[in-house]
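Let's take a walk through this fold together. Have the sequence and the 3D view open side by side as you read.

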Amino acid sequence: MSYLEAVTPALVGSIPVFLAWLVGIALAVRMVRRGGGKAEYLLLTGCVLMFVATIVSPLLAGLSIQMVQEHELQRASMVGALPVSILRMVGIVCLVCAFWIRWKSKQPAQ
């Protein structure tokens with residue numbers, strides 16, 4: 001199995017997720033251009049990190065499969081898991097902080 005044969009089905013299956021994060025990025029850019037504050041920048045950062053993690057995940061998984069098959073490296077299967085996990089965790093933290101800051105800054109109706 002070649003690298004492209006391992007990666008292509010995962011990338012094609014992730015197209016809806018790619019589109020969802022692209023919509024999130026577009027909305028965040030629009031909010032930032034309209035004078036957004038810290039929450040909007042965190043939203044943009046979180047969306048970009050999650051988009052990058054979604055793209056990188058199948059690529060690193062295909063690389064680890066190739067390393068196991070060609071070089072017989074058994075521990076290579078864990079190579080792609082850690083960087084993607086860190087990217088997703090930081091992206092989720094940015095998104096949670098963005099919503100937290102946004103809801104916390106809302107003034108109650110008087």
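What follows goes from the overall layout to the helix pairs and then to a few individual residues.

Keep in mind from the start that this is a predicted model. The protein chain has 4 helices and 0 strands, so if you read along the sequence you get the pattern α-α-α-α. Of the 110 residues in the protein chain, 27% are buried. The surface that the chain exposes comes to about 7700 Å², and carbon and sulfur atoms supply 70% of that area. As for how the chain folds back on itself, take the contacts between residues at least 6 apart in sequence: 73% of them join residues at least 24 apart.

Start at the front end, with the pair α1 and α2. Helix α1 covers residues 3–13, and α2 runs over 15–33. Their axes come within 4 Å and cross at roughly 50°. An angle between 35 and 65 degrees falls outside the parallel and perpendicular classes, so α1 and α2 count as oblique to each other. Where do the two helices meet? On the α1 side, look at Leu11, Val12 and Gly13; on the α2 side, their partners are Ile15, Pro16 and Phe18.

Now move on to α3 and α4. Helix α3 spans 38–71, while α4 takes in residues 81–105. These two pack at an angle of about 160°, with their axes 8 Å apart. Because that angle is over 145 degrees, α3 is roughly antiparallel to α4. The crossing of the pair is left-handed.

Helix α4 itself is worth a look from end to end. Its 25 residues reach 36 Å from the first C-alpha to the last, close to the 36 Å expected at 1.5 Å a residue. Which residues of α4 are buried? Val84, Gly91, Cys94, Leu95 and Ala98 are. The cover over the buried residues of α4 includes both α2 and α3.

With the helices placed, let's zoom in on three residues of α3. Glu40 sits in this helix, and is it buried or exposed? Its relative accessible area is 7%, which is under the 20% cut-off, so Glu40 is buried. Leaving out residues up to four places away in sequence, Glu40 touches Ala28, Met31, Val32 and Arg102.

Further along α3 comes Thr54. Thr54 has a relative accessibility of 7%, so this residue counts as buried too. What does Thr54 touch, apart from residues up to four places away in sequence? The contacts are Ser14, Val17, Phe18, Trp21 and Arg88. You've already met Phe18, as one of the α2 residues that meet α1.

Last stop on α3: Pro58. Its relative accessibility is 7%, and therefore Pro58 is counted as buried. Again setting aside residues up to four places away in sequence, Pro58 touches Val7, Ala10 and Leu11. Leu11 is a familiar name as well, being among the α1 residues that meet α2. Finally, check the spacing between Pro58 and Gly80: they are 22 residues apart in sequence and 8.7 Å apart in space, C-alpha to C-alpha.

Methods
Residues are numbered from 1 along each chain as its sequence is written. This is a predicted model: local features need pLDDT of at least 70, side-chain atom pairs count only at pLDDT 80 or more; totals for chains, interfaces and linings use all residues. Side-chain values use heavy atoms; hydrogens and water are left out. The expected span of a helix is 1.5 Å times one less than its number of residues. Buried means under 20% relative accessible area, exposed over 50%, partly exposed in between (1.4 Å probe, protein chains only). Contact means heavy atoms within 4.5 Å. Accessible areas come from the Shrake-Rupley method with a 1.4 Å probe; for residues, only the protein chains shown count as cover. Axes are lines fitted to C-alpha atoms, for helices over the stretch in contact, and angles run from 0 to 180 degrees between N-to-C directions. Angles under 35 degrees count as roughly parallel, over 145 as roughly antiparallel, 65 to 115 as roughly perpendicular and the rest as oblique. A crossing is left-handed if the near helix is turned anticlockwise from the far one by less than a right angle, and right-handed if clockwise.
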